[in-house]
Amino acid sequence: MLSYLTLFFSSFLAATILPFYSEVFLFAMVQQGLPGWSLVATASLGNTLGSVVNWYLGRYLLKYQHKKWFYFKQSQIEKSQKWFERYGKWSLLFAWLPVGGDVLTLIAGMLKIRLSTFIILVGIGKTLRYISVLYFAQLAQYILN
């Protein structure tokens, strides 16, 4: 049970703007012989929920864009919005990418993408990523045995 909680929270943190790598935990747990599909489900759920936190931050972040401490410049917001509008909501399938994935989830919130659509697309992309980690972990296990 502790292993699953560790995987869930590492996956959750990895989806936020904090640097964290849950794939390492998943890989190690597969090597320990834990059931792969339950690990994929746990990691996918944690990672998707972490992205929902980013969506909420993006959704309510624009209220403070006129404050001095606001991190993003108006030109950055406009550029990001244009990029997202160009590629559309389908770009959320790539929210798992280590570079830019977290920003995609923030922008989706800023642009008020429907939460249900967001969860489905982000969840699909993140689940496919964890399935690929599971595949390579099992392949490594097969090769080493």
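These exercises walk through one predicted model of a protein chain, each with a worked solution.

**Exercise 1. The overall fold**

Task: State how many helices and strands the protein chain has, and give the box that its C-alpha atoms fill.

Solution:
- Step 1. Count the elements. The protein chain has six helices and zero strands.
- Step 2. Read along the sequence. The pattern is α-α-α-α-α-α.
- Step 3. Take the principal axes. The C-alpha atoms fill a box of roughly 60 × 30 × 25 Å.
- Step 4. Look at burial. The chain has 145 residues, and 38% of them count as buried.
- Step 5. Look at contacts with a separation of 6 or more. Residues 24 or more positions apart account for 73% of them.

**Exercise 2. Sequence distance and space**

Task: For each of the pairs Tyr56 and Leu106, Ala137 and Met29, and Ala28 and Ser75, find the C-alpha separation.

Solution:
- Step 1. Start with Tyr56, which lies in helix H3. Tyr56 and Leu106 are 50 residues apart along the chain, and their C-alpha atoms are separated by 7.7 Å.
- Step 2. Move to Ala137, in helix H6. Ala137 and Met29 are 108 residues apart in sequence, and 9.1 Å apart from C-alpha to C-alpha.
- Step 3. Finish with Ala28, in helix H2. Ala28 and Ser75 are 47 residues apart in sequence, and 43 Å apart in space, C-alpha to C-alpha.

**Exercise 3. Buried or partly exposed?**

Task: Classify Tyr56, Ala28, Ala137 and Asn54 as buried or partly exposed.

Solution:
- Step 1. Fix the cut-offs. Buried means under 20% relative accessible area, exposed means over 50%, and partly exposed is in between.
- Step 2. Tyr56 has a relative accessible area of 39%, so Tyr56 is partly exposed.
- Step 3. Ala28 has 34%, so Ala28 is partly exposed too.
- Step 4. Ala137 has 0% relative accessibility, so Ala137 counts as buried.
- Step 5. Asn54 has 1%, so Asn54 counts as buried.

**Exercise 4. Two buried polar side chains**

Task: Find the polar partners of the side chains of Ser91 and Asn54.

Solution:
- Step 1. Place Ser91. It is found in the loop between helix H4 (74-87) and helix H5 (101-110).
- Step 2. Check its burial. Relative accessibility is 8%, so Ser91 counts as buried.
- Step 3. Follow its side chain. The side chain of Ser91 reaches the backbone oxygen of Gly88 at 2.8 Å.
- Step 4. List its contacts, leaving aside neighbours within four places in sequence. Ser91 is in contact with Trp83, Phe84 and Leu104.
- Step 5. Place Asn54. It is found in helix H3.
- Step 6. Follow its side chain. The side chain of Asn54 makes a polar contact with the side chain of Thr105, at 3.1 Å.

**Exercise 5. The nonpolar cores**

Task: Say which elements give two or more residues to the largest nonpolar core.

Solution:
- Step 1. Recall the trend. In soluble globular proteins, nonpolar side chains tend to be buried together.
- Step 2. Find the core. The largest nonpolar core has 12 residues in all, including Val52, Trp55, Phe84, Leu104, Phe118 and Val122.
- Step 3. Sort by element. Helix H3 (36-61), H5 and H6 give two or more residues to this core.
- Step 4. Find the other core. A second, separate core has 11 residues, among them Val30, Leu39, Val133 and Ala137.
- Step 5. Zoom in on Val122. Leaving aside neighbours within four places in sequence, Val122 is in contact with Ser51, Leu92, Ala95 and Thr105.
- Step 6. Zoom in on Ala137. With the same neighbours left aside, Ala137 is in contact with Phe27, Val30 and Gln31.

**Exercise 6. The largest pocket**

Task: Give the volume of the largest pocket and describe its lining.

Solution:
- Step 1. Read the volume. The largest pocket has about 290 Å³.
- Step 2. Find the centre. The lining has 18 residues, and the closest to the centre are Ala14, Phe20, Tyr21, Leu97 and Pro98.
- Step 3. Name the elements. Helix H1 (2-15), helix H2 (22-31) and helix H6 (115-144) give two or more residues to the lining.
- Step 4. Sort the lining. It divides into 11 nonpolar, three polar and four charged residues.

**Exercise 7. A positive phi**

Task: Say where Lys112 lies and what its phi is.

Solution:
- Step 1. Lys112 lies in the loop between H5 and H6.
- Step 2. Its phi is near 60°, a positive value in a residue other than glycine.
- Step 3. Set this against the general rule. Most residues other than glycine have a negative phi.

Terms used: Residues are numbered from 1 along each chain as its sequence is written. This is a predicted model: local features need pLDDT of at least 70, side-chain atom pairs count only at pLDDT 80 or more; totals for chains, interfaces and linings use all residues. Side-chain values use heavy atoms; hydrogens and water are left out. On a 1 Å grid over the protein atoms alone, a cavity is a set of points where a 1.4 Å probe fits but cannot get out, and a pocket is an open set with protein on both sides within 12 Å along at least five of seven lines; lining residues have an atom within 4 Å of a point. Grid points are joined across faces, edges and corners, and a volume is the space filled by probe spheres set on the points. Helices (H or I, at least four residues) and strands (E, at least two) are DSSP runs, numbered from the N terminus. Ala, Val, Leu, Ile, Met, Phe, Trp, Tyr, Cys and Pro count as nonpolar, Asp, Glu, Lys and Arg as charged, and the others, Gly among them, as polar. Buried means under 20% relative accessible area, exposed over 50%, partly exposed in between (1.4 Å probe, protein chains only). A polar contact is a pair of N or O atoms within 3.5 Å; within protein, one must be able to donate a hydrogen and the other to accept it, and residues adjacent in sequence count only if both atoms are side-chain atoms. Contact means heavy atoms within 4.5 Å. A nonpolar core is a set of buried Ala, Val, Leu, Ile, Met, Phe, Trp, Tyr and Cys residues joined through side-chain atoms within 4.5 Å.
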